[in-house]
Structure formats: C-alpha cells, structure tokens
Amino acid sequence: MSDQLLLTSLWLVPLIGAGVVLLLPRGAERHAKHVATAFSAAALALAVYALVLYVGDDRSAASLADRAASGGFLTARHDWIPAFKIQYFLGLDGISVSLILLTSLTTLLACLASWPIEKQPRGYYSLFLLLAATMTGVFLALDLFLFYVFFEVMLLPMYFLIAIWGGEDREYAAIKFLLYTLFGSVFILVAILILYFWTGDAPAGDFRGGSFDIVKLTGIASTTGYYGRWIQDWVFVLFLVGFLVKLPSFPFHTWLPDAHVQAPTPISMILAGVLLKIGGYGMIRLAWPLAPAGALDWSYAVAALGVFSIVYGALAAMAQTDFKKLVAYSSVSHMGYVTLGLAAMNLAGGGAYYAYGVNGAMYMMLAHGITSAAMFFLVGVIYDRAHTRDLDRLGGLNDVMPVYGAVSYVIFFGSMGLPGLCGFVAEVFVVLAAFHYSVPMGILAAAAVVLTAGYILWTIQRVFLGRNEAWKGLPDLSPREVGISVPLVVLTVLMGVFPQALILRWMSPSVDRMVAGVASGATQAAGPMADHADQPPAVVAEAR
C-alpha cells in the first residue's frame, strides 16, 4: 500500500462508511450498527498498520520536514488549489500517529457502546462515522487550510449528535458547544491568515509568505526572523485562545459540563477521549512551533493558567453531585497539566527539562483519552440501569456489580495518577518540568494531586461502598460491556508499567524535535531574553 493511499484511507474509510450507512434501505436499518462497527474496525486496523510501519522503519527517525521535502516516508502532497498555494498535504510523525491510534480505538469502542441506541440509527451512525473521519483528518493535515477545513467540519456532526440524541436540555447544550467552538475557530482563522499574508520582518531566503504549509512555516519560524517577535506574540495569543476553547481551559470551559451531561454516552466518550485532545494537538503542532518567541513571552501567564485550571477543575469536580459532571470537571483539571507542560519553557541546556513537560503533556492526552472515555462509559452503564447519576443516591454497587466495581477501580485510580497506572507517568513529567521552571507552580501542581485523590476516593466511597438495598438485583456488565472495558483497563495498566516500550520510544523523538525547533525559534526572535529563559520572570523582565 502506497503512503498516499494509506494516509488517505485513514480518514476516507470512515467517511465511506458514513455514506454506506446512510444509503442502507429502510428495512435494513437494524444493520447500521454492524456496518458502522465494521468500518470503525477497519479504520483501527489501518491505524495499527500505520503505527507498525512508522515504528518498524528507520526512515521515521527523520523529521517531518526532511521526509516531506523528499516526498518520502508516510507523507502525501498534491496541489489542491494552486492559485492560493493550498495543498492536499498529509503526514505522520510520532505525535500524530499516537493520536490517530487513540482516535481509532476510541471510535470503535464508542461504536460498540452505541448499539443500544435505536432512534434513527442510519442518521446516528452516519454522523458518528463522519465525526471519526474529520477527527482523523485534523491529526493528518499538514496544510493550514486543510487543517481548518477538517477542524470546522468536525463541529457539525458533534452538534447534531448532541442535539438529536442527547438528554432533555440537548438543544441548549448543542448550541452552546457550537457557539463556543466557533468563537475559538475565529481566532484560529485570524492567526492562519496573518501567517499567510505577513510580508516579513527579516529575510528568509526566497520565502515571501503566501504559504499554508505547516512544515515550511515551522521551519521559517524556528530558523529565521521572518515572523518578528511582535507578530509572533499576536499569532500565539490567537492560536492559544482558539485551542484553549477546545481543550478546554478556564475560563473557556463552561460549554464542557453541559455538553457531557446532555450527550449520549458514546458521544461523551468521543468528546472526552478525542475531541478535547484536538485542542492540545493544535497547541503542540501550531501555537508553539509557529510562534515560538510569542510562546516564550507568554509562557509564565499560560503556565499560571494551567496551574489554576488544575486546581479549579479538581475543586469543581469535588463539589459535584452529578456523576457525569464530576467526570467533566475532572477533564478540565487534567487538561490543565497539558497546558502547564507546554508552557513550562525552561530552555536552558537545549530545553531538556522543557522536553519533559511536552512529553508529559502528550502522555497526559493519551492517558486521559483512555481513562476519560472509560469513565464516561462506566457512568453510562450505571445510568442505563439505575436511571440516575446522583451520587447521593448511589452506593453499595460493589456488592451488586462486582465486575463493574473492579473495572471502575482500575480506571478511577488510573485517572487519579496512582503509581503503576497511566496517569502517574504524565503527571511526573509535567510536575518535574514545572519545578525546573517555577518552584511555586511546581508545588501547586504537585499539591493538586491531593485534590484529585480527594474527589476520586470520595466518588468511589459514594458509588461503590456501603449497602443500598435500592440497587439490589442490578445486572453486572454484559459481555459487550466487558469487551468495551477490557482494552481500556489493559491500556491503563500497560501505559503505567511500560511507558517507554509502549509509547515513549516512538513518540518522544518527534516531541524532542518540536522542542528543539521551539527553543531555536525563541532564541532567534527573542534575542537576549532567551539567554535568561531558565530564570524567574523578574530576571527576565530586567533582561528586556
């Protein structure tokens, strides 16, 4: 299979599946779930094949820029709209392939979780697969225009999946989700247009702007002064606001609890497991590499925002009585670690400690993608049986549903960051980077782990411990539900025990190249200030 065919198939197979489901005759609507599951499984198989190719070939050691320049390994490039230099440009590196694998796995498990849905199955599964196709396209796109197309189209199926198949206040939640994300999209679009039309602050060879090529623009930002410090400050802030809405981070997070509470369980799995990661991916792929000097200038403020989100999300989760809202606010807290890891820009010594932070941010996205999808699935399981998410009414489920309880303990402890489970690895990397950037922020980020343990343990106590005769006779997990849970439990454990062998060995080289590019670009555009990048803000201010 050629690289172009493989990369195109990764997003096209789910899209074809959406068309096939939509064209099913009326009498065959009951088969929509089987067709959708088959296409989701095919997409996962392609993602695994792409990962095997990437890990098993020495050419993956080359940067995306080198591979793209030679039309090489796991890249595909063709002119799309030549008049505006818009390209159909796809590519994979360690960052994108890991998130595509997460997307494909979550999609398949969420599709299996969708089987009980009987309302308009053709419409549901066609929109579901369209959502999967556009999410995959976002992680593949290396042209800013193509990225933006996938990013915007992705909003529509999610809007309808919440608005039609959601809870009682589904219309309100869907509109709020759409308005917030469109608000963020405006900032991203303005940043893209600035990069395209900017005429340059310093020579950059024969480059004169007018390009949407992410790889080329990243190289320009990291090796030349074409985009001066002032314009980078603006580009960074625009990208940051746009992607913080998607992440989400305080104060742009208020759409998330409403969307989660009203969305059907499988869509909550997709929303938490994948869609939030698009915000983090946008920051790693666009905001920091395309405006490294701006990122350095704003790093302390962004790191403080990340710490605040960690603490705020944990406290808000602790205050909830709705099981689903608690998990939603826990996502705000966990995504704060992503923001902090990216912003802890200690560039001394080539950015070794900063690389810890970015690796931790990426690992947190993967770990949270697993545990959050599992947590929302487990909330949906109990809601289907007890018809309540009120934590004050639950209790004693460990005796009634022991398998459900066992699965929940592993997932909840993984989310808590218990050593030996996936969340611990990410938190250690981020907190270590934070300590070497700002000791007070490192202390606050580490202390927030206690808050996380508090709301997780309190939730376990209220849901599983004690006795409650009201739930006597509730059925335990079905074979289908066990099949959905097992991969998530296994990954939660394996990612905590074997982080290097399972993920870091093929993800970290791409992250380290990104960090090196950001450090180079920040030094190039920021001048003397970059020499003090490892100093506290007061010293940096004097260096200006």
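This section describes the confidence, helices, salt bridges, backbone geometry and surface of a predicted model.

The protein has an average pLDDT of 92, and 96% of its residues score at least 70. Residues 528-544 form a stretch with pLDDT below 50, which has 21 contacts in the model beyond near neighbours in sequence. Where pLDDT is low, predicted coordinates should not be read in detail.

Two helices were compared with the length expected at 1.5 Å a residue. Helix α20 covers residues 439-464, and its 26 residues should span 38 Å. The C-alpha atoms at its two ends are 38 Å apart, so the model agrees with the expected value. Just after α20, Gly466 takes a positive phi of about 80°. Helix α5, with 20 residues, reaches 29 Å from its first C-alpha to its last, which is close to the expected 28 Å. Most of α5 is covered, since 18 of its 20 residues are buried.

A search of the whole structure gave eight salt bridges. One of them joins Glu29 and Arg122, with the closest N and O atoms 3.2 Å apart. This pair links distant parts of the chain: Glu29 is in the loop between α1 (3-22) and α2 (32-56), Arg122 is in helix α5 (residues 121-140), and the two are 93 residues apart. Glu29 has a relative accessible area of 25% and is therefore partly exposed, because the partly exposed class lies between the 20% limit for buried and the 50% limit for exposed residues.

A salt bridge is also formed by the side chains of Lys176 and Asp258, at 2.8 Å from N to O. Lys176 belongs to helix α8 (residues 170-197) and Asp258 to helix α11 (residues 255-262), so this pair ties together parts that are 82 residues apart in sequence. Lys176 has a relative accessibility of 16% and so counts as buried, because that class takes in values under 20%.

In a further salt bridge, the side chains of Arg229 and Asp297 meet at 3.1 Å, N to O. Arg229 is in helix α10 (residues 229-246) and Asp297 in helix α13 (residues 292-297); the pair links distant parts of the chain, 68 residues apart. The two partners fall into separate accessibility classes: Arg229, at 25% relative accessibility, counts as partly exposed, whereas Asp297, with a relative accessible area of 18%, is buried.

The backbone was examined for cis peptide bonds and positive phi angles. Most peptide bonds are trans, and most residues other than glycine have a negative phi. A cis bond runs from Leu247 to Pro248, with omega near -10°. Pro248 is placed in the loop between α10 and α11. Another cis peptide bond joins Phe250 and Pro251, where omega is about 5°. Pro251 also lies in the loop between α10 and α11.

Gln120 is not a glycine, yet it has a positive phi of about 45°. Gln120 is found in the loop between α4 (94-113) and α5, and at 47% relative accessibility it counts as partly exposed. His387, likewise a residue other than glycine, has a positive phi near 60°. The place of His387 is in the loop between α16 (352-386) and α17 (397-400). His387 has a relative accessible area of 59% and is therefore exposed, because values over 50% define that class.

On the surface, a nonpolar patch of about 510 Å² is made by Val486, Val490, Val493, Leu494, Val497, Phe498 and Leu502. Helix α21 (residues 479-497) supplies the largest share of this patch, with five residues. Val497 is found in helix α21 and, at 44% relative accessibility, counts as partly exposed. Ser485 lies in helix α21 as well, but Ser485 is buried, with a relative accessible area of 3%. Apart from neighbours within four places in sequence, Ser485 is in contact with Phe377, Val407 and Leu477. Helix α21 thus holds both a partly exposed residue, Val497, and a buried one, Ser485.

Conventions:
Residues numbered from 1 in each chain as written. Heavy atoms only, no water. Patch = residues over 30% accessible without salt bridge, like charges linked within 9 Å, V, L, I, M, F, W, Y side chains within 5 Å. Areas by Shrake-Rupley, 256 points an atom, 1.4 Å probe, with all protein chains shown as cover. Salt bridge = Lys/Arg side-chain N within 4 Å of Asp/Glu carboxyl O. Helix = DSSP H or I, 4+ residues; strand = E, 2+ residues; numbered from the N terminus. Buried < 20%, exposed > 50% of the residue type's maximum accessible area, 1.4 Å probe, protein only. pLDDT = per-residue confidence, 0-100. Contact = heavy atoms within 4.5 Å. Expected span 1.5 Å × (residues − 1).
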